[in-house]
Amino acid sequence: GRVSFLAYVVLSSFLTGVVYPVAAEWVWGGGWLGNLGYIDFAGSSVVHLVGAISALVAVAVCGPRIGKYPSYRAWRGIWKYIFLERYESSWYRIPSEPVEKAVFTPIKACNNYVQLLFGTFLLVVGFLAFNPGAIMAATSNSDLVSARATVTTLIAAAAGAVSAVVWSIAAKRGLRLRVPEMTNSVLGGVVASCAGCNVIPPLPMMLVGFVGGLLATSTARLMERLQLDDTVGAVSVHGPPAIWGTLAVAFFARPHCQNLALRGLFFGGGEAAWKLLLTQGCGLASLGALAAISTYVCVTLLDLTIGFRCNRAFELIGLDFTEHGYDDGKMPQYKVDHVLAHSPVRDCLVERVKSRLSSTPSSPSRRDSSQHGGERGEADADAVSTPAASVAGVGDGRARDPQAQSLQQELADLRKTLDSLNKAAGSLVNAMRGEEESHMGLRIIGAEVYGGSHGQNRQQALEELMCEAESHAALRAAQAHHR
């Protein structure tokens, strides 16, 4: 992750509380698109396209995850100002500073296909309620519409899976099927079916789902080539398939029990079908513009105030730990303390507002301190082993920061815990030393008895045991010095 949790909450609340209601009112609430005859039964454009355009804008402004693209090139020219680019290309690449390399974890692809398939299955089951339930009734032939929507939704999902097989054969020249591509294709086919699942017959819906799956897979490849880091494939799955599914209504619609006059271009629609195609295109453009403009304004305000992207140190350590306090035990605490000590801790809201409003889009204000923090880390050789170095890295100017005070309190508790552990370790070493000396004494006594009873050289046996005791003592001294 790379977006701060607070910014994520604000953006998602804005989309679900403002943007989506406006789009739904335009189409389903008696708005101007609905009055023009725009058809989107279950939300291919109202839900999925709006979400995809919003995700695309957010990805373009935020930039990729650190280390995702080793040869990444930041926005340049006019795009640098449009997308508020403040960093150089090297900021997004694999870290080279020793402090950051210590905590950087390379980004890996999905390696748990069981969970991926199970999640896809849950989504398909959800669509079986989402699409048929859009009729919002079960009387006056509404049950027949719901039944038809159920059948066409399942057919589109199956056709999307088939498109993934065809794509794999064409791209890999073999029967090697990649599970992530198949799941994206299944969801792309279902998304394409939403707009016309009540008016498109089952056989044409196979083509709609098949093309939707191909669009989802090909768009994911295009996003990678453009180095747009869409982590979960929101743009590729919910964007082009939604556009295709909405336009497909004007091609494949047939009369049904609630609308006997609706016909697509391939079923003799004629002039009315061409008018419907124009209406569908106008609606797609309007909803896309609504999503793009509103999301851009919201993300820009967030970036200028509280910051849309999280702190660099927090991203390198991991947002599960820094934002939510979840520790999976994979990263030692001293590495966390070290990178926090040599990277800027998040400023308070007022300071961030002043610094961001006073900086230009090309200003590297958020980059300098974190990028050159490794020089301080190399000069301070005790920062890794001494927890107090984390407090020193915060600086006197941020002593009033609540997070800095919380960090100081945590470090004080850690020092107390460390002292207790040192005392316990000393007691344990003394106990082990006493036990070893007792064991050595028993061996000396045994050597005396054995040597006396068998007539052997007792003095030689005692000298060997004393040499062994001296070796053990030297080993203990070396271990104590190492600790």
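**Salt bridges, ring contacts and backbone features of the predicted model**

D303 counts as buried because its relative accessibility is 4%. The model examined here is predicted. D303 takes part in a salt bridge with R86, and the side chains meet at 2.5 Å, N to O. D303 lies in helix 13 (residues 271-304), whereas R86 lies in the loop between helix 4 and helix 5 (89-92), so the pair ties together parts that are 217 residues apart in sequence. R86 has a relative accessibility of 6%, and therefore counts as buried too.

A second salt bridge joins the side chains of E100 and R312, at 2.8 Å from N to O. This pair also links distant parts of the chain. E100 belongs to helix 6 (residues 98-101) and R312 to helix 14 (residues 312-317), and the two are 212 residues apart. Both E100 and R312 are buried. R312 has a further contact. Its charged end sits over the ring of W91, 4.9 Å from the ring centre.

E315 and R309 form another salt bridge, with their side chains meeting at 3.0 Å, N to O. Both of these residues are buried. Elsewhere, a network of salt bridges links R2, R65 and D229. The count of salt bridges comes to seven.

Aromatic contacts were examined next. The whole structure holds 14 aromatic pairs. One of them is W75 with W79: the ring centres are 6.2 Å apart and the planes lie at 40°, so the pair is tilted. W75 has 25% relative accessibility, and so counts as partly exposed. W79 counts as partly exposed as well, because its relative accessibility is 45%. The pair of F251 and F252 is also tilted, because the ring planes lie at 50°, with the centres 6.3 Å apart. F251 counts as partly exposed, at 22% relative accessibility. Its partner F252 counts as buried, at 9%. The cut-off explains the split: buried means under 20% relative accessible area.

Ring pairs also build a cluster. Its members are Y69, Y72, Y87, W91 and Y92. W91 thus appears in two settings: W91 is part of this ring cluster, and the charged end of R312 sits over the W91 ring. R312 in turn meets E100 in a salt bridge.

W79 has a place on the surface too. Together with I78, Y81 and I82, W79 forms a nonpolar patch. The accessible area of these residues together is about 420 Å². W79 is found in helix 4, which covers residues 78-82.

The backbone shows several points of note. Most residues other than glycine have a negative phi. L84 is not a glycine, yet has a positive phi of about 55°. L84 is placed in the loop between helix 4 and helix 5. R86, the salt-bridge partner of D303, is found in that loop as well. At 14% relative accessibility, L84 counts as buried. Q227 likewise has a positive phi, of about 60°, although Q227 is not a glycine. The loop between helix 10 (202-225) and helix 11 (234-238) holds Q227. With a relative accessibility of 18%, Q227 counts as buried.

R173 takes a positive phi of about 55°, just after helix 8. Helix 8 spans residues 142-172 and has 31 residues. From its first C-alpha to its last, helix 8 reaches 45 Å. This is close to the 45 Å expected at 1.5 Å a residue.

A contact between sequence-distant positions completes the description. T305 and A7 are 298 residues apart in sequence, but 9.9 Å apart in space, C-alpha to C-alpha. T305 is found in the loop between helix 13 and helix 14. At 30% relative accessibility, T305 counts as partly exposed. Helix 13, on one side of this loop, holds D303, the partner of R86. Helix 14, on the other side, holds R312, the partner of E100.

How values were computed: Residues numbered from 1 in each chain as written. Predicted model: local features only at pLDDT ≥ 70, side-chain atom pairs only at ≥ 80, totals over all residues. Heavy atoms only, no water. Patch = residues over 30% accessible without salt bridge, like charges linked within 9 Å, V, L, I, M, F, W, Y side chains within 5 Å. Areas by Shrake-Rupley, 256 points an atom, 1.4 Å probe, with all protein chains shown as cover. Salt bridge = Lys/Arg side-chain N within 4 Å of Asp/Glu carboxyl O. Helix = DSSP H or I, 4+ residues; strand = E, 2+ residues; numbered from the N terminus. Expected span 1.5 Å × (residues − 1). Phe/Tyr/Trp six-rings, centres within 6.5 Å; stacked < 30°, edge-to-face > 60°. Buried < 20%, exposed > 50% of the residue type's maximum accessible area, 1.4 Å probe, protein only. Lys NZ or Arg CZ within 6 Å of the ring centre and 35° of its normal.
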